[in-house]
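Let's take a look at this protein chain together. Keep the sequence and the 3D view side by side as you read.

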Amino acid sequence: MQKALTLFVALFVVVTVNNTNAQPYAKVKGPKVYIGGNQLPMAWVGGLNAPIFNEVDLNLDGINDLVLFSIQGSVNFPGSHRLQTFINHGTPNQVDYEYAPEYISKFPDVHHWMLMADYNCDGREDIFSYSYLGGMEVYRNDNSIAGGLRFTQVSTLIYSTFGGGAYANLYVAPNSLPALFDVNGDGDIDVLTFKLAGVAVEYHENQSMELYGTCDSLVFTEETGCFGKFSLSAFSNTANLGQSCVFRIANPDDDTVVDPINSVLHSGSCLESFDNGLDGDVDLLNGDILGNNLLYLENGGTIPGVNDTMIYQDSIFPAYDIPVNYVTFPAPYYIDVNNDGKKGFDSFRLC
């Protein structure tokens, strides 16, 4: 009898393991919850805590789903976070998401922030996240029908070549978000990130197309340390336009060279990039620790990636409608959440 029981347990374990491998996603369902006779479809989501919104096709049905990355950290648990995944059923002109926590375990253990963008042009959004080494780490999305959702780390730290030939980490602060956008329109992903002082934006051009003729590499060169010729105010979420981005002498009696862009400190900004006028250049939205507003910056440059210049700012965006006014640190995300085929700033979070 004992031998038979042992054999049964062994067979049960083998069958269970085989079934688990055959079905990579174990759908999680909780008991139904009702209030006043109405079922709450997302009763077990757990609420939202300042999430970063990302679009990615989780189940390969051709429809972008939703991944939320939320900071849960405190002084006791810095960098801790949670992920929430939602399947988009794609009903036109409707917000039609179903909580799908079975995908959460497929994501790597990243921290501080997570943005998803397709850097290698394979149609699958990859992961960019903060690296404790002082910048960004990257995971490639290898999702497939056969293997399911999985990510492969391709870089623990992104580097860039700076003026004068210095080769160093492409810095992104743990409390700020960069903009991942094809700035010069050559087909590969470039990076816009705030300088260490936090008031001006560095433009790091991806050299993948120039070097290899493909967009699947992450080789960067800093083209300018003052993209758009603007700096952020040290006192509010507004911009100083028309910055010269050159060194100057502090005063006639002092020969100390001072950089006006880095003469003040500013920490905590969340950039979003998009081409608002469909004129081929990149415009910006900034959420900031220094204001309850969103700051829109319009690019008036004529050659994208070469002479980008912010010529107009809207510090009460959107001025043409009801302006954003959050208690603290709002951040924009350029996504389509209602399946109308139009990307927009449908969702905001407290960054």
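## Starting with a proline

Let's begin with Pro 330. Its relative accessibility is 0%, and because buried means under 20%, Pro 330 counts as buried. Keep in mind that this is a predicted model.

Where does Pro 330 sit? You'll find it in strand E25, which covers residues 330-335. Now look for Asn 292: it is 38 residues away from Pro 330 in sequence, yet the two C-alpha atoms are 6.4 Å apart in space.

## The whole chain

Zoom out for a moment. The chain has two helices and 26 strands. Of its 351 residues, 44% are buried.

Take the contacts with a separation of 6 or more: 45% of them come from residues 24 or more positions apart. As for the outside, the chain has about 17,600 Å² of accessible surface, and carbon and sulfur atoms own 56% of that.

## Strand E22 and its two partners

Next, find strand E22, residues 283-288. Six of its six residues are buried, so E22 is largely enclosed by the rest of the structure. In a regular strand, side chains alternate between the two faces of the sheet. In E22 both faces are covered: Asp 283, Leu 285 and Gly 287 are buried on one side, and Leu 284, Asn 286 and Asp 288 are buried on the other.

Who pairs with E22? Strand E21 (residues 269-274) runs antiparallel to E22, with six bridges joining them. Strand E23 (residues 294-299) also pairs with E22 in the antiparallel sense, over four bridges, and E22 and E23 make a hairpin with five residues in between. Leu 285 is a handy residue to click on: its bridge partners are Glu 272 and, in E23, Tyr 296.

## Strand E15 and its two partners

Now move to strand E15, residues 201-206. Here, six of the six residues are buried, so this strand is largely enclosed by the rest of the structure. Val 201, Tyr 203 and Glu 205 point one way, while Glu 202, His 204 and Asn 206 point the other way, and all are buried.

E15 runs antiparallel to strand E14 (residues 190-194), and four bridges join them; Thr 193 has Glu 202 of E15 as its bridge partner. Six residues lie between the strands in this hairpin of E14 and E15, and Gly 198 takes a positive phi near 90 degrees there.

What about strand E16, residues 220-224? Four bridges join E15 to E16, and the two run antiparallel. Within E16, Glu 222 is the bridge partner of His 204.

Methods. Residues numbered from 1 in each chain as written. Predicted model: local features only at pLDDT ≥ 70, side-chain atom pairs only at ≥ 80, totals over all residues. Heavy atoms only, no water. Buried < 20%, exposed > 50% of the residue type's maximum accessible area, 1.4 Å probe, protein only. Contact = heavy atoms within 4.5 Å. Areas by Shrake-Rupley, 256 points an atom, 1.4 Å probe, with all protein chains shown as cover. Pairing = 2+ DSSP bridges.
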